[in-house]
Amino acid sequence: MKEKLAKIREQALTQIKSCDTTEKLNEVRVSILGKKGELTSVLKSMKDVPAEERPQVGQWVNETRQEIEKVLEEARTAMEAAIREVRMKEEVIDVTLPAKKAEIGHRHPNTIALEEVERIFIGMGYEVVEGPEVETDYYNFEALNIPADHPAKDEQDTFYVNGDILLRTQTSGVQVHEMEKGKLPIRMIAPGRVFRADEVDATHSPSFHQIEGLVIDKHVTFADLKGTLAEFAKELFGEDTKVKFRPHHFPFTEPSAEMDVSCFKCGGKGCRFCKGSGWIEILGCGMVHPHVLEMSNIDPKEYTGFAFGVGLERIALLKYEIDDMRLLYENDARFLKQF
Ligand code: DAH
């Protein structure tokens with residue numbers, strides 16, 4: 001019996017030595033110490049051992065078992081330590097490596113231009129307000145004196161949701177919303193997105209931005225309009241900027257004008273930028289039509305006002321010398337980073 005146990009012990013130790021994973025160690029444990037294991041079967045055969053020898057044999061079996069268990073445990077501990085060491089080496093973090101530069105977002109040229117325009121008008125005491133992008137025919141057209149048969153209402157230009165509801169084609173409707181509030185005087189600008197059924201090209205997009213301006217008070221004259229917009233142009237394009245007003249027509253203003261600024265590239269001599277004319281068209285404006293005031297319950301005998309509308313993209317393109325509007329919508333980081 002003693003030899004048998006010695007053999008089992010011998011075998012076990014050799015098997016344990018050859019194990020290279022904890023799973024294999026476990027298999028060895030089961031094959032020797034498990035329910036059907038070799039050592040267990042020796043225990044089961046104890047009944048055949050003469051009674052007087054049993055204590056002695058029992059002790060041997062126990063000793064063998066303890067030793068094998070001890071060696072198994074040592075092997076397992078050593079193996080786990082080795083695994084841990086390998087993992088530590090693999091997972092090592094080099095804290096001296098230079099950090100990856102995080103990409104920081106950048107303000108869009110439109111945003112920069114808008115903030116500049118807002119800064120100028122807020123400085124002159126204007127309020128910045130917003131209106132809805134989805135409008136009724138009344139706010140976008142009718143209340144602005146644009147009659148039912150006006151070409152701007154053509155389905156080719158306007159995105160209609162249904163017969164009465166549309167995507168606003170201009171921010172001018174915000175004028176009406178502000179006047180209807182009944183709080184006078186008004187001194188506001190209203191920036192926002194507008195929509196027109198235009199094909200995309202270097203100067204057109206089905207969605208772009210305008211900044212509407214409206215001033216209503218007692219004794220507001222065309223001189224106020226000129227002074228205000230001349231000051232705006234100087235702040236935006238530089239102290240030496242001159243302005244020129246050309247007669248124009250807008251249904252909601254009378255008289256109406258378009259304002260040009262002297263070319264800030266060539267100073268008005270004429271260059272490629274201003275197409276040789278020395279002037280660059282910048283906005284539409286005029287004195288609010290008395291009928292428009294009346295429709296919004298403002299008495300034109302008591303109050304007068306002026307309005308203007310600026311294309312935000314146009315300002316951004318001019319100010320940052322971008323020659324294709326599409327660049328503003330592609331959101332290519334390489335382009336946006338330059339501003
Ligand atoms: N709403 C006009 C347009 O989209 C721009 C405009 C012109 C606005 C004259 C005004 C204005 O307030 O007085 O073309």
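This is a chat about helix packing, domains, aromatic pairs and backbone details in a predicted model.

Reader: OK, how is the protein chain split into domains?
Author: The domain assignment gives domain 1 as residues 2-90 and domain 2 as residues 109-336.

Reader: And what separates the centres of domain 1 and domain 2?
Author: Taken over C-alpha atoms, the centres of domain 1 and domain 2 are 90 Å from each other.

Reader: Let's start at the N terminus. How do helix 1 and helix 2 cross?
Author: Helix 1 covers residues 2-18 and helix 2 covers residues 22-33; their axes come within 10 Å and cross at roughly 165 degrees. Angles over 145 degrees count as roughly antiparallel, so helix 1 and helix 2 are roughly antiparallel to each other.

Reader: Which hand does that crossing have, left or right?
Author: Right-handed, as helix 1 passes helix 2.

Reader: Which residues meet there?
Author: From helix 1 you have Ile8, Ala12, Gln15 and Ile16, and they meet Leu25, Val28, Ser31 and Ile32 of helix 2. Sorted by class, the contact has 6 nonpolar and 2 polar residues, with no charged ones.

Reader: Does helix 1 run parallel or antiparallel to helix 4?
Author: Roughly parallel. Helix 4 spans residues 54-90, and helix 1 packs with helix 4 at about 5 degrees, the axes being 10 Å apart.

Reader: What's in that contact?
Author: Helix 1 brings Lys2, Leu5, Ile8, Arg9, Ala12, Leu13 and Ile16. On the helix 4 side are Trp60, Val61, Thr64, Glu67, Ile68, Val71, Leu72 and Ala75. By class, the contact of helix 1 with helix 4 has 11 nonpolar, 1 polar and 3 charged residues.

Reader: Which helix 1 residues turn up in both contacts?
Author: Ile8, Ala12 and Ile16 are listed against helix 2, and Ile8, Ala12 and Ile16 are also listed against helix 4.

Reader: Switching to domain 2. At what angle do helix 5 and helix 10 cross?
Author: Roughly 100 degrees, with the axes of helix 5 (residues 109-123) and helix 10 (residues 312-319) coming within 9 Å. Helix 5 and helix 10 are therefore roughly perpendicular to each other.

Reader: Who touches whom?
Author: Pro109, Asn110, Ala113, Leu114 and Glu116 of helix 5 meet Leu312, Glu313, Ile315, Ala316 and Lys319 of helix 10. That contact divides into 6 nonpolar, 1 polar and 3 charged residues.

Reader: New topic: how many aromatic pairs?
Author: The count is 11 aromatic pairs. One of them is phenylalanine 222 with phenylalanine 245, an edge-to-face pair at 6.2 Å centre to centre, with 70 degrees between the planes.

Reader: Where do those two phenylalanines sit?
Author: Phenylalanine 222 is in helix 8 (residues 222-237) and phenylalanine 245 is in strand 6 (residues 243-250). They are 23 residues apart, and the pair links distant parts of the chain.

Reader: Anything odd in the backbone? Which bonds are cis?
Author: Most peptide bonds are trans. Here, a cis bond joins leucine 184 and proline 185, with omega about -5 degrees. Another cis bond, between glutamate 254 and proline 255, also has omega about -5 degrees.

Reader: Where are those prolines?
Author: Proline 185 lies in the loop between helix 7 (173-180) and strand 4 (186-195), while proline 255 is in strand 7 (residues 253-262).

Reader: Last one: what is phi at histidine 219, and where is that residue?
Author: Phi of histidine 219 is near 65 degrees, a positive value in a residue other than glycine. Histidine 219 sits in the loop between strand 5 (207-217) and helix 8.

Technical notes: Residues are numbered from 1 along each chain as its sequence is written. This is a predicted model: local features need pLDDT of at least 70, side-chain atom pairs count only at pLDDT 80 or more; totals for chains, interfaces and linings use all residues. Side-chain values use heavy atoms; hydrogens and water are left out. Axes are lines fitted to C-alpha atoms, for helices over the stretch in contact, and angles run from 0 to 180 degrees between N-to-C directions. Helices (H or I, at least four residues) and strands (E, at least two) are DSSP runs, numbered from the N terminus. Angles under 35 degrees count as roughly parallel, over 145 as roughly antiparallel, 65 to 115 as roughly perpendicular and the rest as oblique. A crossing is left-handed if the near helix is turned anticlockwise from the far one by less than a right angle, and right-handed if clockwise. Contact means heavy atoms within 4.5 Å. Ala, Val, Leu, Ile, Met, Phe, Trp, Tyr, Cys and Pro count as nonpolar, Asp, Glu, Lys and Arg as charged, and the others, Gly among them, as polar. Domain bounds come from an automatic or database domain assignment. Rings of Phe, Tyr and Trp (its six-membered ring) pair if their centres lie within 6.5 Å; planes under 30 degrees apart count as stacked, over 60 as edge-to-face and the rest as tilted.
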